[in-house]
Structures are given as structure tokens and as C-alpha cells.
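Student: Could you walk me through this model, beginning at its surface?

Tutor: Happy to; let's have it in front of us.

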Amino acid sequence: MKKLKLPITIDPFKSAQRRLECEGIFEMSGMDRLLAACEPCDGQVTVNVNFNVDELGLVVISGKGSASVALTCQRCTEVYEQALEVDFTFSPVKNAEAAAELPSYYDAIELDENGEVNLRELVEDELLLAIPLIPRHSLEDCQAPADSVWGELPEELEKPNPFDVLKQLK
């Protein structure tokens, strides 16, 4: 099956009425914030998105996304490939007050001025959150020695015991 490019913005209400399922790709070249957090790479993000209406009558956008990005290992400073996998469940809202009324198991996503959701930004945000806080190889793949220490630890200074004053009171 050929992977199709997904629309950048989509009307979640019309899509939920039709119970739309989208499977396709986004080019990573259009995700500037993701590219700023990673090493330059030309890749694709595979996305599967489902639009539905739940038992409370709320529109639900759920799906998965995956991409492979190049990150710099913080131990050895070599570039390595990191697979990012995300699962998401959102419910579109018009404003912050409506977001406060959502059940806790849904994340809120605000609609734009046309009543649509920017699907590419939604997936990009989730991928950014999936990047490790401290990117690094697995220990067996890393070039840096496992027991390496950077810098020198200061010598412990001999501090006087604050209770020595009590000895003089005897």
C-alpha cells in the first residue's frame, strides 16, 4: 500500500461524523521545530489517525506516529539514530474554558480560526515530547568508556565538628 501525504489541517467534527481513518506520511522537512531539536535529516513521519465520537458525544482524535531522527549522544558526542514512537488522544476545543471541562483522559487541542486542527503540528509536538531528555547511545554502542569521569573532584576539607564546643563544658 502506498503511503499518501496527509493533509496539514483537517476539520475534526466532519471527520468524526464520517469516522475517518487516515494513514500516511508527513515530510520531516516541514517540521522546523523538530529539525531544530535534531541533527539535519531528510525523513518521513508515518502517522495513523482516527477520528471518532465517544459515548459522551465528544470528538476524539487518536492515533500513532513514528519517525527516526538523528541525535547527538551526550556521552561520546557521536550522532546516532533514535526511533520515536508516539500515541496520542486529543479532543478539540474552542477555548481554554472548554479545555477545563474535558475528562482527564483526553488532552485538549485548540481549533484554529477556521475550526480546524493542524495535524502536522499535533504530531510534531508529540514527537518533540518523545525525544529523550538526555540523548545517548545504549551503553554497549557508545564510544565513551563507561567508567569515564570528567573534571576533578575537590579534596574534602577537614571541617571542625560543631559539637567539640560541648566537650569544653565538662
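Student: Which residues make the nonpolar surface patch of about 370 Å²?

Tutor: First, this is a predicted model, where local features need pLDDT of at least 70, side-chain atom pairs count only at pLDDT 80 or more, and totals for chains, interfaces and linings use all residues. Residues are numbered from 1 along each chain as its sequence is written, and side-chain values use heavy atoms, leaving out hydrogens and water. Patch residues have over 30% relative accessible area (Shrake-Rupley, 1.4 Å probe, only the protein chains shown as cover) and no salt bridge (Lys or Arg side-chain nitrogen within 4 Å of an Asp or Glu carboxyl oxygen), with nonpolar side chains joined within 5 Å. Here the patch is made by Phe163, Leu166 and Leu169.

Student: In which helix does Leu166 lie?

Tutor: Helices are DSSP runs of H or I with at least four residues, and strands are E runs of at least two, numbered from the N terminus. Leu166 lies in residues 164-167, helix H5.

Student: Is Ser15 buried or exposed?

Tutor: Ser15 sits in helix H1 (residues 12-17). Buried means under 20% relative accessible area, exposed over 50%, and partly exposed in between (1.4 Å probe, protein chains only). Because its relative accessible area is 2%, Ser15 is buried.

Student: How many bridges join E3 to E4?

Tutor: Two strands pair if DSSP finds at least two bridges between them. E3 and E4 run antiparallel, and Cys22 stands opposite Val49 in E4. The bridges joining E3 to E4 number seven.

Methods: Patches are made of residues with over 30% relative accessible area and no salt bridge: like charges are joined within 9 Å, nonpolar side chains (Val, Leu, Ile, Met, Phe, Trp, Tyr) within 5 Å.
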